[in-house]
Amino acid sequence: MNPVHDKHHRNISRSSRPRSSTRGPLDASDDPLAPSSLPTSPTKRKSMLASDHFTGASFHELDPLAPDDLPETLGKDLSFLLRHNIYHTLSHIDIPPSLRSDFIILNPGEPLSTSLGALEKVVAEGRFLIAAHFSAAILTSSLISPTDVKLIFSLFYTRLACLELSGNTILAAQESKALEDLSSAFYYIDLMLDKPGTAQNDDNEPTHIRAPNLRHIVPWPLRVLAVRLQSIGFGDSRRSIGGLYEIGLEARKEIMRPETSEDERKLWRERLADLGVRSVNSLIEMGDFDTARRSLEALQAPGSETETTKFRRALLLLRIGDLDAASQVFGGSKDTKEAALLEPLLSMAEGRYSDAVAHWRALGEDKTRTDRALVAQNMAVCLLYTGQLDESRQLLEAQVSANHSFAGLIFNMATVYEFNLSQDTLI
């Protein structure tokens, strides 16, 4: 992508790697912000008529704290994200024929709302490769205005997220580079530009001044995703750590704003906790397990963690290999869905696959769980390790028949088929 000189200018030079001896904005102990202190295959034309349930409204609500529609004086031209050469051609040739779905294309004459509803529908159905293709088709069509900031960023986020979910992380990393430097002045607006204050000059006469209120125009989910993808795209794993600390500092500043409401502060604290977990995950991906363990200890904030955050911390400890610490995250409690998941995972980590099968089977009988497909897959893997190939194969096939298909499931099913074939050959 050619540089655009009128939009990318850094205000301050920042290091891409924080000093290891310096406490950063993601450390939780002594927190001053605590509440108490503050396409290559044939495409098929399909009807874009979406149901009333899928109206495409979610693409205008990606970030509840993003600035509202920008006035003309603050308008931003995002035409650099609407160019065809940014987006890679996608193919589903690697997907088994029985699981393929035809790419959908824009129908001439259909309104934008209908296309957004159709995109929303395929995302809800988990057809991520189709959604990635269709979101790029909308972005590069004449339906999008270059100044429709919210919609463009939302569609671009959908494109990158669906690429990653469909196993095309490298493509997503390359396309994320089109955003260039998200800390540049182009991506900030001053919400107080048209709201001057008053002061006195040397002659004691009132004069207008204003306090700047800079806000980032990119939705928070896209900023967080871009930090990881750009670190992959530029081949610099340290860039991810630096980027997370950078936006973490911004999150703390938002919490400290006097005009921030309590609901907004709560959301920013949740975002800050999420950044902490992501920073530990980045350290694990870099292979720095010791620093990751110390960072996890620093992130612990007794009494303020949600069950989901606890479970994510337990998963990170499992990846590090600290099984004892992982088993203590929930304090032995099994009252929540997250805590119940940890027990069979610990059994698998310790090689006790028969025990894990019993735990997964019990979880699978809970009709209220929304993750039963993942529970079934994990049970099938444990059945494979215990030599029960037929039951493992039947369980995986049942998930495919129920339209629960994802990369891990397909890989595990292929493994089971290979073992079955080898077994039949030996017999």
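**Surface.** I began with the accessible surface of the protein, which comes to about 23,100 Å², with 52% of that area belonging to carbon and sulfur atoms. I keep in mind throughout that this is a predicted model. I then looked up burial, and found that 41% of the 427 residues count as buried.

**Secondary structure.** I noted 15 helices and four strands in the protein.

**Main core.** I turned next to the nonpolar cores, recalling that in soluble globular proteins nonpolar side chains tend to be buried together. The largest nonpolar core here has 46 residues, and L81, L119, F153, L155, F156, L179 and Y187 are those with the most contacts inside it. Looking up which elements give two or more residues to this core, I found α1 (112–124), α2 (128–139), α3 (149–165) and α5 (220–233). Of these, α3 gives the most, with 10 residues.

I picked F156 for a closer look and, leaving aside residues up to four places away in sequence, listed its contacts as L81, Y87, L139, E175, S176, L179 and L222.

**Second core.** Apart from the largest core lies another, of 42 residues, and I wrote down A326, L342, L346 and L395 as being among them.

**Cysteines.** My search of the whole structure for disulfides found zero. I also checked two cysteines for burial: C162 has a relative accessibility of 3%, and because the cut-off for buried is under 20%, C162 counts as buried. C382 has a relative accessible area of 0%, so C382 is buried as well.

Terms used. Residues numbered from 1 in each chain as written. Predicted model: local features only at pLDDT ≥ 70, side-chain atom pairs only at ≥ 80, totals over all residues. Heavy atoms only, no water. Core = buried A, V, L, I, M, F, W, Y, C linked by side-chain atoms within 4.5 Å. Buried < 20%, exposed > 50% of the residue type's maximum accessible area, 1.4 Å probe, protein only. Contact = heavy atoms within 4.5 Å. Areas by Shrake-Rupley, 256 points an atom, 1.4 Å probe, with all protein chains shown as cover. Disulfide = S-S within 2.5 Å.
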